[in-house]
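Me: Got a minute to look at a model with me? I'd like to talk pockets and then salt bridges.

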Amino acid sequence: MGSASSSYSPKTIYLDVDGKVQKVLFSRHCSPCDIKELLCSSSNIPRNTAIMMTDPEGAIVSIDPTMPTNNPNFLYKIIPLSASQLGEKEDMFQNVLSQVAEQFSRAFRINELKTEVTNRLAMLEKRVELEGLKVVEIEKCKNDMRKLRDEMTSRAGARVNCPCKYNFSDDGKKLTPRRDIPSYPKYTLSQETIEALKKPTFDVWHWEHNEMLSCLEYMYHDLGLVKEFNINPITLKRWLLGIQENYRSNPFHNFRHCFCVSQMMYGMIHLCNLQEKLTLTDLGILMTAAVCHDLDHPGYNNTYQINARTELAVRYNDISPLENHHCAVAFQILSLPECNIFANVEPEAFKQIRQAIITLILATDMARHGEILDSFKHKVDHFDFTNEEHVACLKMVLIKCCDISNEVRPTEVAEPWVDCLLEEYFMQSDREKSEGLPVAAFMDREKVTKPTAQIGFIKFVLIPMFETVMKLFPQIEEIMVQPLRDSRDHYEELKQIDDAMTEAQKKKTESLSLGGKKK
């Protein structure tokens, strides 16, 4: 108790005020400011005056609750500080602050940050200026979409006894690119990229849409198609933009898939030396069909279209509804003067090109796989490049190879496509279940795995087709056929692992079940 009470007892100091002893009492819990005010009052000095306190020997005594006590024989003295003395202290304080600021500036590179922020602001201002003009176009596009939606709704309401699930664009609708040329940056492809584009090992995941557009543009120039068809380079750009904007954002059937197929076609042209065996017109047909082959794909396959009796199935009488739609959209785009890359081709020649492109796109319907491959097998042993029927069959097989060629690519490039395809399959099967439609086992998320999805497809579809093409072009074995065999082995190993884990889990479950019964 004694120590506790003594901690609250006042502290006493003695001052020399004009030659007289002045006793000052203050609590040990006073703040330094309170003590200074008390000392000023005791020394007849105005409050808030800057002061210092010295002992008889001239030493400065700190003014705070912990200051040492004195006695009447050892008096402290209060001295008001002059302006000059305060100025010196302020100068010293400012110097300290300047040094601290400089150290902070060095530590955090404030000047560099200021420069960077200024530069970024300038870039943003420029971008805002460039992008500002697009606002009106975006609003116009939104209004057009609203009008189109209202129009389609009114048409759907007027239709009687038509259980269609989709409302697709009318035949006469013009699919104009939403942006004009030049709208995507002009990329200068490096020599490394140019060489990589010619190979199936090209990594398609490292490229943005604008870059893929530039690569496709380069392919048309490199193959001599721009010169052969007398294509206006600006028209080529507009056409490619129109193509890109008419691929939907599906998990698998999207513009990147279009680019994959087109790049693989370009690679096969170089790998198989097709420039020496086919005409430039044939190469143009192959490339253009590859670019257009999945235009406006809705993400639900032909089986769904037919079973759900969609507008596409009704329109095309259940005969390759999607592929027919891809062709229709392709030639809707080409019907636009500003997008018609064949505008300078003679009418009779264009008629033949159009028919050949349609034939190739329709050949991508997997329902016709056996028919087309069997036809090619009967020709491959005595193949004649001067025979139009032989060449037409080869072109169909080539676009089929490119369309389903992901497993030819390195594993790190190919495997993400499996995930994308399964995601699209699962979306369809979920919808089919909700609508009471038949569901294919290979699309059912409860039944399929990546290995089971791939093994049969690689063994019974991909390898037989590519090995048949290999008879005509032996050079593809190392770079295309062998990767397919490696991919088959990879997924068979994964399946063995999955099966072993499933069996182990089954035994564990049975063991737990038996243990429970014994109890």
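Me: What's the volume of the second largest pocket?
Reply: About 1000 Å³. A pocket here is an open set of points on a 1 Å grid over the protein atoms alone, where a 1.4 Å probe fits, with protein on both sides within 12 Å along at least five of seven lines. Volume is the space filled by probe spheres set on the points, which are joined across faces, edges and corners.

Me: Which residues are closest to its centre?
Reply: Met 366, Leu 421, Tyr 425, Phe 442 and Phe 457, out of 45 lining residues (an atom within 4 Å of a point).

Me: And which helix gives the largest share of the lining?
Reply: That's α18, with eight residues; helices are DSSP runs of H or I, at least four residues, numbered from the N terminus.

Me: Before we switch, what are the ground rules?
Reply: It's a predicted model: local features need pLDDT of at least 70, side-chain atom pairs need 80 or more, and totals for chains, interfaces and linings use all residues. Numbering runs from 1 along each chain as its sequence is written, and side-chain values use heavy atoms, leaving out hydrogens and water.

Me: OK, how many salt bridges?
Reply: The count is 17, taking a Lys or Arg side-chain nitrogen within 4 Å of an Asp or Glu carboxyl oxygen.

Me: Which residue does Asp 499 pair with?
Reply: Lys 495, at 3.0 Å from N to O. They sit four residues apart in α20 (residues 476-518), so about one helical turn separates them.

Me: Any networks?
Reply: Glu 415, Asp 419 and Lys 450 are linked in one.

Methods: Helices (H or I, at least four residues) and strands (E, at least two) are DSSP runs, numbered from the N terminus.
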